[in-house]
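Good morning, and thank you for making time for this item. I would ask you to look at the model on the screen while I describe its helices, their packing and the confidence of the prediction.

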Amino acid sequence: MQQPKLTRDLLEHRQALLGFIFALTRDFDAAEEIFQETALAILDEAGAGRQAEPFLPWAREVARRRTAEHHRAQSQKRRAIAMPEVLLDTIARSFDENEESGEESRSRQKHLAACLETLTERVRRMIELRYHQCQSVGEIARDARWTTDAVHVALSRARKALADCVLKRANTAGAR
Amino acid sequence: MERERFDDLLARYEEGLASCEELAELATGLDLSAAFRRELVARNRIETGLHEWSATRAVAARPSVRAAAERHARSRRRELSHPRAPQWRMGLALAALITLALLGVRHFYSVEPAMPALSIATLESVTGTVSVMRGSLREPARNGSGLSGGEGLLTEKGARASMRFADGTTIALSGDSVSRVWLRAPANSAGTPWKQMTLDVGRLEASVAPQPLSAPMIINTAHSEIKILGTQFTLEATSSMARVEVREGRVQMKRTGDGKAVEVGGGFFAVASRDVELASRPITAVPFAGTPAVSRSLFNGRDLSGWNILRGAWKVENGVVTGNGLEGKFARIESTDSFISGDLVCKLRVTGSRVAEVQFGGYRTFFPVHWETPGWKELQVRVRGTEFLGTLDGKPLQLVQGGSGDEHTLGLLTFYATAHSTLEIKDAHWTDSKP
């Protein structure tokens, strides 16, 4: 049986949507949870035969609402600080303006893997501790005998370097 | 918005360190620049990619992930089962969830237990609703638990909590509304630990042990940076201002908007805001509710009733009191009333010389007032019995103890113009403090 188009779109744009939710929450666990809630809502729509074209802006709006619900719930539990509404608006606008296709997402992931290899051993280790072993900045700082501020700065520079490297590789690949 | 500022705000947003005000500022920057918006998206995609990269590695390393994902999917099915939901829709959803769960496996593999981060302060005196914040997560704060760099402390309305550092410095957070502070723990170039924190909002009271000159304690707010070498003070911050009130010692308050700084000594306060001149001012008593402070003019604007001319020629013109020394002598005018406890505010201008004096109790106690540049200057003096705190245009004045003075001059207020000079006084008011 062929999957409904909304389901295919969802799988195609999974990373783009997850990235958008992550930008709204800055919490990957929460982003995954919200993504799954969003996915269920979209699959419900798919089951009801709904068509949504173009898919991504609509899906982002669904995700935005789910994120707002999440923020409200977290606020009631007093667990998290919600981002100002004005920032959520500008983040949504930023993603609207800079959409990427599923193919571009997959290419970016390949470029990222290659770019990680270009980092120095020390910085790569820091990225691994932060994103693979989920260590806090404080833990990384203690292990590396750095200050937390130094780790924050190193991670920020590493992300910027990776973003530049990925963009460069994407442009090079696009020029071929 | 400058590129450098955007980079700074973006980094703080990414690390979960940004205050609400900084996030709002980031939004403004994004609103103004398509390049910034493009970069925000690119950077978030990089991080999502890093998480995905991590998850992919975890899947490869842990064959049990699939089973865990399926367990999770079963658990989701129990959560989501609804008697009216068509079976095929639920089946579709579950199939998709399993697929999605396999792609997003970060939930399901165990993470090595994290070692506790190095504490830099210990929590004590926790009362009311107090939370420790790690990124965007909050946990209830407990007495005796440690706080590390990068972590924050939040007190709800009416709650209170203190942090004690190894050197005895204490920071107490409290307030009529939410107060939130974030700790940083860098070291200076010599490796000396450096106490730094950001007060997003609310009120803190600090008692700071002497700090190394090379690493003064630093507290940032949305509008200011406070540098402390050792003192006792209170700092309040809102989205539009910060107010520091110093009980003992001396701090430097710098307004981050324009870099202007002011030294604030014991008994003085300063406000950093876009709308208020940054100046050190004497702390005035807050009247009790129901007993408003009484403010009165020191001169009636017509004549010198209530004043005794001791030397020189004095007159009142257009509401301005003017005194001149005669024959190269000084001029002096003394109140007939006593001013024991209250606040004096007036505007002074001197010509022909660069100095005048405002005296309390005859020559017993006085503030020399200097004019580096000509023009009117605002004098504020807080009088509490034998304690005097004065500012001129917000800058602290040096109090001089004259050591002489008769008993009958106690409490009297005197304006003094030096020889060959003219002293003008206007808008002079006295506000009694209500005990």
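Let me begin with chain A, whose secondary structure amounts to nine helices and zero strands. Read from the N terminus, its elements follow the order α-α-α-α-α-α-α-α-α. Chain A has 176 residues, of which 42% count as buried. As for its contacts between residues at least 6 apart in sequence, 69% join residues at least 24 apart.

I should state early that this is a predicted model. Its scores are ipTM 0.86 and pTM 0.41.

I turn now to helix 2 of chain B, and to its packing within its own chain. Helix 1 of chain B, residues 3-14, packs with helix 2 of chain B, residues 20-32, at an angle of about 130 degrees, and the two axes are 10 Å apart. Because of that angle, helix 1 of chain B is oblique to helix 2 of chain B. The crossing of these two helices of chain B is left-handed. Which residues make the contact? On helix 1 of chain B they are B:Phe6, B:Leu9, B:Leu10, B:Arg12 and B:Tyr13, and on helix 2 of chain B they are B:Glu22, B:Leu23, B:Glu25, B:Leu26 and B:Gly29. By class, this contact of helix 1 with helix 2 of chain B comprises six nonpolar, one polar and three charged residues.

Helix 2 of chain B also meets a helix of chain A. The partner is helix 5 of chain A, residues 85-97, and the two axes come within 8 Å and cross at roughly 35 degrees. Helix 5 of chain A passes helix 2 of chain B in a left-handed crossing. From chain A, the residues involved are A:Val86, A:Leu87, A:Thr90 and A:Ser94, and they meet B:Leu23, B:Ala24, B:Leu26, B:Ala27, B:Leu30 and B:Asp31 of helix 2. This contact between the chains has seven nonpolar, two polar and one charged residues. B:Leu23 and B:Leu26 thus appear in the contact with helix 1 of chain B and in the contact with helix 5 of chain A.

Finally, a word on confidence in chain B. Its mean pLDDT is 76, and 76% of its residues reach 70 or more. Over residues 101-117 of chain B, pLDDT stays under 50, and the model has 39 contacts beyond four places in sequence for them. Residues 285-292 of chain B also have pLDDT below 50, with six contacts in the model beyond near neighbours in sequence. Where pLDDT is low, predicted coordinates should not be read in detail.

Technical notes
Residues numbered from 1 in each chain as written. Chains lettered and ligands numbered in written order. Predicted model: local features only at pLDDT ≥ 70, side-chain atom pairs only at ≥ 80, totals over all residues. Axes fitted to C-alpha atoms, helices over the stretch in contact; angles between N-to-C directions. Helix = DSSP H or I, 4+ residues; strand = E, 2+ residues; numbered from the N terminus. Parallel < 35°, antiparallel > 145°, perpendicular 65-115°, else oblique. Left-handed = near helix turned anticlockwise from the far one by under 90°. Contact = placed C-beta atoms within 7 Å. Nonpolar A, V, L, I, M, F, W, Y, C, P; charged D, E, K, R; others polar. pLDDT = per-residue confidence, 0-100. Buried ≥ 20, exposed ≤ 12 C-beta atoms within 10 Å, placed from the backbone.
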